[in-house]
Amino acid sequence: MLPFLDSISTHMDYKGQKLAEQIFQGIILVSAVIGFIYGFITEQFGWTVYIVLAGFAVSCLLTLPPWPMYRRNPLKWQSVQSEISAPEMILKEKPVENTKKSKKHK
């Protein structure tokens, strides 16, 4: 449909996810405290809501898109292993021993 959309990277690594979560929570917390204080001083609860919603919008803008700062630690994938047939796989597996001793109740 729109070929330029395919060129946009949409992934984020694990450390980037953690960073995004911390930024999101920090902005929400700061905006809630500022909103509460400002709303308390002006005695207008509406301003508290507006400031918290503005903090939410800013945090969404900073954390939802996969910015390059969230992709600094890519995962190192293992190389592809050759396929082995089912009988060879069975021979390579170790037998599992039952380590629990059954107790008979009388």
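These legends describe close-up views of a predicted model of one protein chain.

**Figure 1. Overall view of the predicted, helical chain.** The protein chain contains 4 helices and 0 strands, and read along the sequence its elements follow the pattern α-α-α-α. Of its 106 residues, 11% count as buried. The chain exposes about 10,200 Å², of which carbon and sulfur atoms supply 65%. Among the contacts with a separation of 6 or more, 70% are accounted for by residues 24 or more positions apart in the sequence.

**Figure 2. Helix 2 and the residues buried along it.** Helix 2 covers residues 14–42. At 1.5 Å a residue, its 29 residues should span 42 Å, and because the end C-alpha atoms are 42 Å apart, the expected and modelled lengths agree. At the start of the helix, a side-chain oxygen of D13 reaches to within 3.2 Å of the backbone nitrogen of K15. The buried residues of helix 2 are G16, A20, S31, G35 and G39, and what covers these residues includes helix 3.

**Figure 3. The loop between helix 2 and helix 3, with E43.** E43 is found in the loop between helix 2 (14–42) and helix 3 (45–63). Helix 2 is followed by this residue, E43, whose phi is positive; the value is near 55°, in a residue other than glycine. The relative accessible area of E43 is 68%, and E43 therefore counts as exposed, the cut-off being over 50%.

**Figure 4. I27 of helix 2 and its contacts with residues distant in sequence.** I27 has its place in helix 2. Leaving aside residues up to four places away in sequence, I27 touches G55, V58, S59 and L62. A further pair for this view is I27 and A57, which are 30 residues apart in sequence, while their C-alpha atoms are 9.8 Å apart in space.

**Figure 5. The segments that the UniProt record lists as "transmembrane region".** The unreviewed UniProt entry lists residues 23–41 and 47–67 under this heading. In the model, the chain over residues 23–41 is 100% helix and 0% strand, with the end C-alpha atoms 27 Å apart. Over residues 47–67 the chain is 81% helix and 0% strand, and here the end C-alpha atoms are 31 Å apart.

**Figure 6. Aromatic pairs, with F36 and F40 in helix 2 and W47 and Y50 in helix 3.** A search of the whole structure finds 4 aromatic pairs. In one of them, the rings of F36 and F40 have their centres 6.1 Å apart and their planes at 20°, so the pair is stacked. F36 and F40 both lie in helix 2, 4 residues apart, which is about one turn of the helix, and both residues are exposed. The rings of W47 and Y50 have their centres 6.0 Å apart and their planes at 90°, so that pair is edge-to-face. W47 and Y50 both lie in helix 3, where they are 3 residues apart, again about one turn of the helix. An α-helix has 3.6 residues a turn, so residues three or four places apart point the same way. W47 is partly exposed, with a relative accessible area of 42%, whereas Y50, at 55%, is exposed. Ring pairs also link Y38, W47 and Y50 into a cluster.

**Figure 7. P65 in the loop between helix 3 and helix 4.** P65 lies in the loop that runs between helix 3 and helix 4, the latter covering residues 86–92. With a relative accessibility of 28%, P65 counts as partly exposed. Not counting residues up to four places away in sequence, P65 touches M12, C60 and Y70. P65 and T10 are 55 residues apart in sequence, and from C-alpha to C-alpha they are 7.8 Å apart in space.

Note on methods: Residues are numbered from 1 along each chain as its sequence is written. This is a predicted model: local features need pLDDT of at least 70, side-chain atom pairs count only at pLDDT 80 or more; totals for chains, interfaces and linings use all residues. Side-chain values use heavy atoms; hydrogens and water are left out. Helices (H or I, at least four residues) and strands (E, at least two) are DSSP runs, numbered from the N terminus. Buried means under 20% relative accessible area, exposed over 50%, partly exposed in between (1.4 Å probe, protein chains only). Contact means heavy atoms within 4.5 Å. Accessible areas come from the Shrake-Rupley method with a 1.4 Å probe; for residues, only the protein chains shown count as cover. The expected span of a helix is 1.5 Å times one less than its number of residues. A polar contact is a pair of N or O atoms within 3.5 Å; within protein, one must be able to donate a hydrogen and the other to accept it, and residues adjacent in sequence count only if both atoms are side-chain atoms. UniProt positions are given in the numbering used here, feature names are shortened, and annotations may be inferred rather than shown by experiment. Rings of Phe, Tyr and Trp (its six-membered ring) pair if their centres lie within 6.5 Å; planes under 30 degrees apart count as stacked, over 60 as edge-to-face and the rest as tilted.
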